[in-house]
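Student: I would like a close look at a single part of this structure, with the reasoning kept explicit. Please set it in the context of the whole chain once the details are clear.

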Amino acid sequence: MCYKKSISLLLLVCCSSSSFAFLPQTSLRAGGIAVLPISEQTQHVSYQNKPILLTHEAQQKYAIVGIPLSTPVGKIAIQTDQGSIDLDIQPYAYAEQHIQLKEQRYVEPSATELARYKTEAAAQNAIYQSFTPAQSTTFPQFIAPTQGKFSNSFGRKRFFNQEARAPHSGLDIPAPIGQQVIAPAAGTVVGIGDYFFNGKTILIDHGQGLISMFCHLSHIDVTVGQQLLQGEKIGLVGKTGRVTGPHLHWGMSLNDARVDPQLFLAK
Ligand SMILES: [Zn+2]
């Protein structure tokens, strides 16, 4: 399957059909998303042995693939029960971000804090690796989870007090403490925590390995297992965990790949 042809086909479908609702934007880069038209008979799609989200829009079936931030430039192969689809991952220059933290424990955690972080990371990773049935026949349309201006903070190579750390796996939305945070799409609350780095956090499952995450909250209004409608209040902006000021950290994970949340919003 020629991917370039598939993309032009997708654009034609976008522009020519008034019933076309909304799919994430394609961005073939580490931390991006591939929106792949697939044949109706395709039942199983996987990448790195992880199941891929399948959906329908305007009578066309699609596989929506999250591309991990660690993906090198070059070819990757998406497996389907009808053969494999090659994607050509493009270079993308994520900016560097140098952050000065007053609390050195967020740069060099103690052994106890490190052990705590590892337990918390394992719990969050188990959620990212889960794959629940689709919650609707179409792809969930996303809206911003809180008000505020945001720029391309996803994927930044980060240095805390000059020490290199993992790239930024979400999008930061600066906002005052106490501002309302809402569910950006319908889903089920699958995780709540008060984590060492992430502070007060909510994880929402939108089905088929699509998980959203909201961190540094001052208050959590939901409980695990709660079903949410789009726009329902889930908590309040805060500055808990490793932060330099109040903001909402919004993460999106798809097939266990942390991807750019901006790709889920209408342009
Ligand atoms: Zn952040």
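Tutor: What follows is one connected look at a small sheet, then at the metal site and the chain around them. The model is predicted, and the description should be read with that in mind.

The part to examine is an open sheet of 3 strands, whose order is E1-E5-E4 and whose pairing is antiparallel. Strand E1, residues 33-38, and strand E4, residues 53-57, stand at the edges, and because each has a single partner strand, one side of each is left without a neighbour in the sheet. On average, neighbouring strands of this sheet are turned by 30° against each other, direction ignored.

The pairing can be followed from one edge to the other. E1 and E5 are joined in the antiparallel sense over 6 bridges, and within E5 it is Lys61 that stands opposite Ile38. On the other side, E4 pairs with strand E5, residues 60-66, over 5 bridges, again in the antiparallel sense, and here Thr55 stands opposite Tyr62 in E5.

E1 deserves particular attention, since an edge position in the sheet says nothing by itself about burial. In a regular strand the side chains alternate between the two faces of the sheet. In E1, Ile33, Val35 and Pro37 lie on one side while Ala34, Leu36 and Ile38 lie on the other, and with all of them buried, both faces of the strand are covered. Counted by residue, 6 of the 6 residues of E1 are buried.

The metal site can be described in similar terms. The zinc ion has as its protein donors His168 through NE2, Asp172 through OD and His249 through ND1, lying 2.1 Å from it, and the donor residues are spaced in sequence as H-x3-D-x76-H. His168 counts as buried because its relative accessibility is 2%. Asp172 has a relative accessible area of 17%, and as buried means under 20%, this residue is also classed as buried.

As for the chain as a whole, it has 2 helices and 20 strands, and buried residues make up 52% of its 267 residues. Its radius of gyration is 19 Å, which agrees with the value near 18 Å for a compact globule of 267 residues, and along its principal axes the C-alpha trace spans about 55 × 40 × 30 Å. Of the contacts between residues at least 6 apart in sequence, 70% join residues at least 24 apart. The chain exposes about 12,600 Å², of which carbon and sulfur atoms supply 54%.

Notes. Residues numbered from 1 in each chain as written. Predicted model: local features only at pLDDT ≥ 70, side-chain atom pairs only at ≥ 80, totals over all residues. Heavy atoms only, no water. Donors = N, O, S within 2.8 Å, 3.2 Å for Na, K, Ca; no water. Buried < 20%, exposed > 50% of the residue type's maximum accessible area, 1.4 Å probe, protein only. Pairing = 2+ DSSP bridges. Helix = DSSP H or I, 4+ residues; strand = E, 2+ residues; numbered from the N terminus. Axes fitted to C-alpha atoms, helices over the stretch in contact; angles between N-to-C directions. Rg over C-alpha atoms; globule rule 2.2 N^0.38 Å. Contact = heavy atoms within 4.5 Å. Areas by Shrake-Rupley, 256 points an atom, 1.4 Å probe, with all protein chains shown as cover.
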